[in-house]
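This report describes how the chains of one model are built and how they meet one another. Please keep the sequence and the structure open beside the text while reading.

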Amino acid sequence: MSAVTVFGLTAAAAVGLGLYGLITNPQPLRKLLAFNLLGSGVFLLFGIIGRRGAAAGFGNDPVPQALVITGIVVAFAATALAIALLLRLFRTAGSTTLRSDAPRMGRGADAPGG
Amino acid sequence: MSITTVFESVLAALVLGLALWTIAVRETYSATVGFVAYGLMVALIWVGLDAIDVALTEAAIGGGLGGIVLLGAAARLRDTESTAAETPNRMVRLGAAALSAAIAAALAIAILLLPDAAPTLAPAAVANAAATGLANPVTNVLMAFRGMDTALEKVVLLLAIVGVWSLASDQAWGGRPGPHHEADPNGVLAFLARLLPPVGIVIGVYILWTGADHPGGAFQGGAVLASMWLLVIMAGLADTPPASSRRLRLVLVAGPGLFFLVGLGGLCFGAAFLAYPIAHAKPLILGIETAMLLTIAATLALLLAGAPERSVPR
Amino acid sequence: MSYAGDIVTIASVSAGAFFFLAGTVGLLRFPDTLTRLHALTKADNLGLGFVVLGLLPQAASLRDGLKLISIWLLALLAGATVSQLIARSARQGGPAR
């Protein structure tokens, strides 16, 4: 089994683990971690495909590489936005639960709708 | 089994273990630390896949800056863990496990059964490299062959900043992002924040410059510059600029603005949108990259700083 | 490059790997924050130093060698600063465990 295959299987496992964590973990921050794990697994899978497309003196197809770089930056931006939403939810509601029937304990720092 | 294969197998096992840790460990803070370590190890995998550009980006942005965002949130939300203990029931967990295992297995089978003649665009990238005068194929793809993706990605970054800023409360609207950092002005952090940024700025610009011909580029250099700025902010030597600052907003739109301006120029005087005149391709690309470097550095740092929290006295 | 260079590389990188191993064992086994930091500095400073020293004979040019040395110096600077910060936070009974 070549090294590329080993990395490919690792990436597949990372996708599976990330998906499991995303579904079963109740805390939003943990869901976010799991989602990032899933994403990085997908990027790695793309990298494996690019590695197999090595040609013309390059060890890895440059087009998937460029797309993955773009993807990593976008994933970071999305994570930062999600974290900002989460912190705002915490400040407004006093907890970070995603359950719709959870009790809301407003801290009074911001008026509702403010 | 050669020694390289052993090394790569150990690396893969380590990454897998860290991924498991991130999902399974009880404490959120430990999980986040595990994720940062995972990101750095994945960067090593990218080196193993001969994708140095991606490795640099993953280490700087995926593991580094992303890790700081997540760690900061985990530290702030540390006390909320006990209130959010509503684990799903067993059926949901079993179902999720079955679904995840099935998807992982399908992906693994797909990896094992990939056709042997893999499709590749590398020869096309080489054949057209002369058109831009840059030797790094990844920079060529990012800035020229698929420049549209990169330009629109800048817009995504801009939208993310707009989204984060619009989460500010009424009192802090247009104010300074993030908490105010106070550190001992004679302490070791302030010392580092005075010593390191000159070196870091040189390294950031070097990474951009060398990105034309070697691994590197605006993203990686921008991440280094962003971390230098954040270091100075965290040491209390400077404050984040208010979100309403006109100069800051100008920096934030400089990268995509110049990109689209050059693109429109291609539409007016050349063949198509984003078509560079071949004689001026390299200076144009370097100009766009320089503007992008500033934009990326500012955007990444402000995304990390978060929503405006302190109002500016008017 | 040469036979002697290769021997220097093998010996020095092995020494570096040993210090990394010792530092990691210490990090995992030592009882409190300050002793763990002490173990960590062995890995960061000495271990990385030996690895860089070992890689110098393999550097293709003077520029590559200087880059390697500057990586070590930057790691030293960051490591020393962060250890100080962690140690201070541990003394004040902060969040470090």
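From the N terminus on, chain B of this predicted model runs through its elements in the order α-α-α-α-α-α-α-β-α-α-α-α-β, which amounts to eleven helices and two strands. Its C-alpha trace spans about 65 × 65 × 35 Å along the principal axes, and of its 314 residues 44% are buried. When contacts within chain B between residues at least 6 apart in sequence are considered, 74% of them join residues that are at least 24 apart. An unreviewed UniProt entry places the feature "domain: MrpA C-terminal/MbhD" at residues 13-78 of chain B; over that span the chain is 88% helix and 0% strand, with its end C-alpha atoms 30 Å apart.

Chain C has three helices and zero strands, and read along the sequence these follow the pattern α-α-α. The C-alpha atoms of chain C fill a box of roughly 55 × 25 × 10 Å along the principal axes. The radius of gyration of chain C is 16 Å, whereas a compact globule of 97 residues would have one near 13 Å. Buried residues make up 12% of the 97 residues of chain C, and among its contacts with a separation of 6 or more, 59% are between residues 24 or more positions apart.

The table below sets these two chains side by side.

| Chain | Helices and strands | Box of C-alpha atoms along principal axes | Buried residues |
|---|---|---|---|
| Chain B | eleven helices, two strands | about 65 × 65 × 35 Å | 44% of 314 residues |
| Chain C | three helices, zero strands | roughly 55 × 25 × 10 Å | 12% of 97 residues |

For chain A, the UniProt record, again an unreviewed entry, lists residues 6-23, 35-54 and 66-90 under "transmembrane region". In the model, residues 6-23 of chain A are 100% helix and 0% strand, and the C-alpha atoms at the ends of the span lie 26 Å apart. Residues 35-54 of chain A are 90% helix and 0% strand, with 29 Å between the end C-alpha atoms.

How do the chains meet? Two pairs of chains touch, and of these the pair formed by chains A and B has the most contacts. That contact takes 85 residues from chain B and 72 residues from chain A. On the side of chain B that touches chain A, at least two residues each are supplied by several helices, including α1 (3-24), α2 (28-48), α3 (52-76), α4 (90-112) and α11 (281-305) of chain B. By class, the residues on this side of chain B divide into 55 nonpolar, 19 polar and eleven charged.

Between chains B and C, by comparison, four residues of chain B are in contact with four residues of chain C, and the side of chain B involved has four nonpolar, no polar and no charged residues. Chain A and chain C are joined by no contact, and their closest C-alpha atoms lie 19 Å apart.

The largest nonpolar core of the model has 128 residues, and those with the most contacts inside it are A:A80 and B:A301. Helix α3 (residues 62-93) of chain A gives the largest share of this core, 16 residues. Because domain 1 (1-77) and domain 2 (134-314) of chain B both give residues to the core, it lies between them. Leaving aside neighbours within four places in sequence, B:A301 is in contact with B:A226, B:W229 and B:L230. Another core, of seven residues, lies apart from the largest one, and among its members are C:F19, C:L37, C:V51 and C:V52.

A single residue of chain A can be followed in the same way. Is A:A14 buried or exposed? A:A14 counts as buried because it has 30 C-beta neighbours inside 10 Å, where 20 or more suffice for that class. The place of A:A14 is in helix α1 (residues 3-24) of chain A. Not counting residues up to four places away in sequence, A:A14 touches A:L37, A:S40, A:G41 and A:L44, together with B:A19 of chain B. A:A14 and A:L45 are 31 residues apart in sequence, while their C-alpha atoms are 10.0 Å apart in space.

Terms used. Residues numbered from 1 in each chain as written. Chains lettered and ligands numbered in written order. Predicted model: local features only at pLDDT ≥ 70, side-chain atom pairs only at ≥ 80, totals over all residues. Core = buried A, V, L, I, M, F, W, Y, C linked by C-beta atoms within 7 Å. Helix = DSSP H or I, 4+ residues; strand = E, 2+ residues; numbered from the N terminus. Domains from an automatic or database assignment. Contact = placed C-beta atoms within 7 Å. UniProt positions renumbered as here; feature names shortened; annotations may be inferred. Nonpolar A, V, L, I, M, F, W, Y, C, P; charged D, E, K, R; others polar. Rg over C-alpha atoms; globule rule 2.2 N^0.38 Å.
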